[in-house]
Amino acid sequence: MSEIKVYKIRKVKDETPFMKTFTFVGDLGAKPGQFVMVWIPGVDQKPFGISRQTKNEFDVSVLVRGKFTKAMFKLEAGDKCGISGPFGTSFSLVKNKKVAVVGGGCGMAPLGFLIDELKKNKCKVTIYNGARSIDNVMFVNRFKDSQFCTGDATLGHEGYATDLLEGQIGKLNPVMVYSCGPEMMMQVVCEICSENKVPCEVSMERYMKCGFGVCGQCVMDPLGIRMCTEGPVISCELTKKLAEFGNYYRDKSGKKVNF
Amino acid sequence: MTTVKFLNKQFNGPLVLASGVLGVNASSWGNVNKHGAGGITIKSCSLQPREGHPNPTMTGTKHYFINAVGLSNPGVEEVVKEVEVFRKTNKTPLIGSVFAGCVEDFGKCAKALAESAVDFIEIDISCPNVKHEFGEPYAFSPDATKKITAEVRKQVKKPIIIKLSADAPDIVAVGKAAEKAGADALCAINTMSGMAINAEMAAPVLSNVQGGVSGPAIKPMALKAVWDLYENVKIPIIGTGGVTYGVDAIEMLMAGASLVGVGSAVYFRKIDAFKLINEEIEDFMKKNNYKTIKSMIGAAHK
């Protein structure tokens with residue numbers, strides 16, 4: 001259930017100066033969109049989406065942000081981490097269809113695994129990969145077929161990934177849009193999809209302690225559903241029932257913080 | 001059939017959410033209530049917000065669950081706001097739980113929370129996971145328990161429940177001290193001190209090293225504590241510790257509990273635990289011809 005298994009790092013790849021991908025040896029058996037808790041003894045344990053998975057290895061792609069990710073960035077091939085999971089809900093996969101994926105910054109991580117699976121299912125995948133600046137764009141080489149956008153025009157289109165989605169969705173006519181990134185971005189993705197009557201799934205981030213549905217730290221108002229269990233992947237329809245979506249989240253202590 | 005009265009308050013079923021599980025805010029309490037909890041114990045709060053310990057804070061196996069969250073909470077002021085939100089749509093009994101680092105702060109925090117629409121105040125004097133900060137739990141000492149209970153009694157008119165520890169050398173002495181100092185009820189037991197080690201990492205799992213053990217592993221200790229308290233105090237008891245299936249709840253009632261706390265069953269049987277345990281209790285009652293919950297309370301004491 002929540003048991004921690006120990007996995008060895010096979011390799012560490014620099015994605016950008018702020019982002020690394022860690023490849024672990026082992027068969028995780030996750031579905032795209034699910035996450036694991038990564039534990040470094042003596043430091044902390046944090047949730048991360050799976051960014052790639054094969055039968056005998058899986059990737060976790062990480063943006064350096066705080067104490068834990070700084071410690072993780074010091075790890076090398078051969079080092080070990082304690083990993084529990086996979087946990088949570090996953091993206092709904094379709095076959096032989098046109099779909100669109102909208103990623104923002106390190107939100108591309110779980111979408112990487114999703115895109116691989118969609119392509120295996122012979123879907124035509126349109127990828128919008130946006131970030132503030134080129135150093136925050138993940139998987140530039142892995143998905144060369146992406147439409148890149150940056151706020152400062154250092155890569156691809158200048159502006160938001162959502163601008164491209166809005167301009168192209170009518171003509172593209174996808175059966176599903178998948179998104180992960182800043183909540184404000186996902187809110188816009190949901191609005192665009194609702195207007196165009198296209199189903200959409202987003203991957204939420206809320207502060208997590210246990211990761212498996214016991215502590216209650218990651219619940220969203222007013223339904224009280226847990227983003228580690230009933231999430232992180234939820235439908236655009238469900239976000240409409242979550243008043244806190246795009247408005248506020250709760251910090252480590254449980255106190256409300258506005259976006 | 002399973003309604004039960006506790007300190008003059010009607011509960012829709014004998015199961016109450018134990019403090020610390022799924023208890024951060026109003027929407028979560030509502031969700032737990034929807035899933036079958038007859039009452040909700042709010043996660044313990046303090047005067048000031050607390051972030052708690054780093055992760056891992058919780059882990060479990062088939063036999064036990066263990067946590068050292070470190071009493072994270074947004075502070076009593078925020079919890080009072082959450083109680084207001086809850087009460088707009090829900091009348092389910094709420095047990096507000098407080099903890100503090102000194103006698104005076106227990107009184108202040110309890111008073112602040114009692115001004116909200118909670119029905120009861122639970123005093124958590126038995127958390128095993130904050131020893132570095134607060135020293136030995138007060139619940140190890142009848143004298144300390146008496147002082148805290150008396151102080152809270154002075155500050156609060158609402159019914160007070162004292163949460164006890166089976167790690168105490170003499171839980172009956174502590175229970176009696178609480179009763180004498182004005183407690184209206186007892187809750188037994190809190191989690192018990194323990195730890196978990198990951199052999200491959202050669203490291204303790206919990207960042208706090210030590211944690212509180214709950215789940216099936218502690219049921220026998222919880223039953224014994226409730227049994228002994230029932231024989232020695234007159235005030236009602238909320239029996240908590242390892243209740244995972246309906247039969248566990250029945251045993252807890254028969255040992256002398258008037259309500260049954262359910263916490264880590266949410267880990268073992270997911271959030272449906274309350275609904276499942278309720279159904280199993282009703283099945284047992286039908287098969288064994290018990291018409292009321294009340295008729296089972298203390299039934300094993302002959």
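## Crossing of helices 3 and 5 in chain B

In this predicted model, the crossing of helix 3 of chain B and helix 5 of chain B is right-handed, the near helix being turned clockwise from the far one by less than a right angle. Helix 3 spans residues 103-114 and helix 5 residues 142-155, and the two pack at an angle of about 35 degrees with their axes 8 Å apart; axes are lines fitted to C-alpha atoms over the stretch in contact, and angles run from 0 to 180 degrees between N-to-C directions. Helices are DSSP runs (H or I, at least four residues) and strands likewise (E, at least two), numbered from the N terminus.

From helix 3, B:Val103, B:Phe106, B:Gly107, B:Ala110 and B:Lys111 meet residues of helix 5 that include B:Ile148, B:Glu151 and B:Val152, where contact means heavy atoms within 4.5 Å.

## Interface of chains A and B

Contact joins 36 residues of chain A to 37 residues of chain B. The buried area, which is the accessible area (1.4 Å probe) lost on putting the two parts together and summed over both, is about 3000 Å², with carbon and sulfur atoms giving 58%.

Between the chains there are 2 salt bridges, each a side-chain nitrogen of Lys or Arg within 4 Å of a carboxyl oxygen of Asp or Glu. A:Arg250 forms a salt bridge with B:Glu82, their closest N and O atoms being 2.6 Å apart.

## Basis of the values

Local features need pLDDT of at least 70 and side-chain atom pairs pLDDT 80 or more, whereas totals for chains, interfaces and linings use all residues. Side-chain values use heavy atoms, without hydrogens and water, and residues are numbered from 1 along each chain as its sequence is written, with chains lettered from A and ligands numbered from 1 in the order in which they are written.
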